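Colleague: Please take me through one part of this model in detail: the open sheet and the ligand site beside it. I would like one connected account rather than a list.

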Amino acid sequence: MGKVYLTGAGPGDIDLLTVKALRIIKKADVIIYDRLANPLILKEARNGCKFVYVGKEDSHHTLPQEEINRLLYQNALKHECVVRLKGGDPLVFGRGGEEGIFLRERGIDFEFIPGITSAIAVPEYAGIPVTHRGVTVSFRVVTGHESKNKEHSQIPWQNYKTDDTIVFLMGLHRLDKIAAKLIEIGKPKDYPVAVISRGTTPDEKTVTGTLENIYEKAKDLPTPALIVVGAVVKLREQLNWFEKED
Ligand code: SAH
């Protein structure tokens, strides 16, 4: 019986993979990977390593989570070293916890290998620090995705009245609703917002604006994309370093 490594692939830039993740990828018998894991990472695997794509188009899963769990289990019965490779960090909206519980219940050993999460690294590549002395002392990472069959919002909007930086993952398709909701709970219409698309890759593109105009400016950006709300967005004017000026 083998072991499953629930591994973070980092946010996109292949150089943001950890040394520990790379070491285990080189040893893997099988790599089960998501759409958000940079496929160039697979080139690091040894000859004969098997690849299984279980892609996720944001939250529209290609393979239902139950089947991914079963696939991990079946592979662990057959192989020594099973790598489950996920974008960013496996436990930041990565469902790595569910996979760990499923494996534990079946007596399969696992390890988490943390990855650099897009929630911090993508704003960073856009020149937006998630905290900054004198600007904000905390940040939140929130899912922008809401389950379609739930009548009420699962997001506790009333908690978001503070000046915390808010990073929304999986939220581009609801950008208009998110911006409207933040105005509704009392944030100024000219509150700074950035949308960053394909962060940390050569295709990275950032659009900045306000709660009032960000939807019109950013709605057509390609995914994956995340939304940063807060005064820290203004720091991009001084800290932009990665994207070339148009
Ligand atoms: N576990 C991942 C997040 C999974 S949720 C992590 O820690 O990064 C998937 C969401 O992450 C996407 O919908 C998008 O909002 C964000 N995301 C992931 N990679 C991104 C990238 N390179 N650029 C912008 N957003 C990204």
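Modeller: This is a predicted model. F168 stands opposite I227 in β12, and that pair is a convenient place to start. Strand β9, residues 165–169, is joined to strand β12, residues 225–229, by 3 bridges, and the two run antiparallel. In general, strands of a sheet pair through backbone hydrogen bonds, either parallel or antiparallel.

Taken as a whole, the open sheet has 5 strands in the order β8-β9-β12-β10-β11, with mixed pairing. β8 (139–143) and β11 (205–210) stand at the edges; each has a single partner strand, so one side of each is left without a neighbour in the sheet. From one strand to the next, the twist averages 20°. Helix α4, residues 118–125, packs on this sheet and touches β8, β9, β10 (192–197) and β12. The direction of α4 makes about 80° with that of β12.

α4 and β12 also bring us to the ligand, since each of them supplies at least two residues of the shell around the ligand. There are 19 residues around the ligand, of which V92, T117, S118, G199 and A225 come nearest. Sorted by class, the shell holds 11 nonpolar, 5 polar and 3 charged residues.

Backbone atoms of the protein also lie beside nitrogen atoms of the ligand. For V92, a backbone N or O atom lies 2.7 Å from a ligand nitrogen atom. For G199, the distance from a backbone N or O atom to a nitrogen atom of the ligand is 2.8 Å, and for G87 the corresponding distance is 3.0 Å. On its own the ligand has 550 Å² of accessible area, and the protein covers 95% of that.

Two backbone details belong to the loops that adjoin the paired strands. P224 lies in the loop between α6 (214–218) and β12. The peptide bond that joins T223 and P224 is cis, with omega about -5°. On the β9 side, M170 lies in the loop between β9 and α5 (175–184). M170 is not a glycine, yet its phi is positive, about 55°. As background, most residues other than glycine have a negative phi, and most peptide bonds are trans.

To put the part together: β9 and β12 run antiparallel, α4 packs on the sheet, and both α4 and β12 contribute residues to the shell around the ligand.

How values were computed:
Residues are numbered from 1 along each chain as its sequence is written. This is a predicted model: local features need pLDDT of at least 70, side-chain atom pairs count only at pLDDT 80 or more; totals for chains, interfaces and linings use all residues. Side-chain values use heavy atoms; hydrogens and water are left out. Two strands pair if DSSP finds at least two bridges between them. Helices (H or I, at least four residues) and strands (E, at least two) are DSSP runs, numbered from the N terminus. Axes are lines fitted to C-alpha atoms, for helices over the stretch in contact, and angles run from 0 to 180 degrees between N-to-C directions. Contact means heavy atoms within 4.5 Å. A residue is near a molecule or strand if one of its heavy atoms lies within 4 Å of it. A polar contact is a pair of N or O atoms within 3.5 Å; within protein, one must be able to donate a hydrogen and the other to accept it, and residues adjacent in sequence count only if both atoms are side-chain atoms. Accessible areas come from the Shrake-Rupley method with a 1.4 Å probe; for residues, only the protein chains shown count as cover. Ala, Val, Leu, Ile, Met, Phe, Trp, Tyr, Cys and Pro count as nonpolar, Asp, Glu, Lys and Arg as charged, and the others, Gly among them, as polar.
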